[in-house]
Amino acid sequence: MQKILVIDDDPAGTGLLIDLLQFAGYRGFPLENWQDPISHVEQQRPDLVIMDVHLRVHDGLDLLRQLRAHPDSSVAGTPVLMVSAEDLSAQCTAAGASGFAEKPFDTESLFRSIQEIMEVSL
């Protein structure tokens, strides 16, 4: 079962997304270490990260850049689907995102994006 780390500071939205992921056959789990999200990725080694651009504690684009600059290539290469209520797809792609989904997303297009990213990263 593929593991998907959800980095979003909206607990209700995170819970709903994790439920949807599990319904679709993925193992979704929330970020637990808000002090050092990159170390959480190092330890958990998810198959995909879904990350909101706008976080209260961190800037999602900065976190993405930090992830891409990681010295361990398997961590740096972790696929990341960025999400936002604004169309920030160009900025996310420039920062190294594997994909972008605009909120609120319809479930079908979200899972299509996830599947496409997972297929490319195999």
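A residue is called buried here when its relative accessible area is under 20%, exposed when over 50%, and partly exposed in between (1.4 Å probe, protein chains only). The model is predicted, so local features need pLDDT of at least 70 and side-chain atom pairs count only at pLDDT 80 or more, while totals for chains, interfaces and linings use all residues. Residues are numbered from 1 along each chain as its sequence is written, and side-chain values use heavy atoms, leaving out hydrogens and water.

Let's start with the sheet. Five strands (DSSP E runs of at least two residues, numbered from the N terminus, as are helices, H or I runs of at least four) form an open, parallel sheet in the order β2-β1-β3-β4-β5. At its edges are β2 (27-30) and β5, each pairing on one side only; pairing takes at least two DSSP bridges between two strands. Strand β1 (residues 3-7) is joined to β2 by 4 bridges, and I4 has G28 in β2 as its bridge partner.

Now for the helices. Helix α1 (residues 11-23) lies across β1, β2 and β3 (48-52), at about 165 degrees to β2. Helix α3 (residues 60-68) touches β3 and β4 (80-84), with its direction at about 170 degrees to that of β4. Such angles run from 0 to 180 degrees between N-to-C directions, with axes fitted to C-alpha atoms, for helices over the stretch in contact, that is, with heavy atoms within 4.5 Å.

Two residues round off the tour. S39, in helix α2 (residues 37-44), counts as buried because its relative accessibility is 10%. A101 sits in strand β5 (residues 99-102) and is buried too, at 9%.
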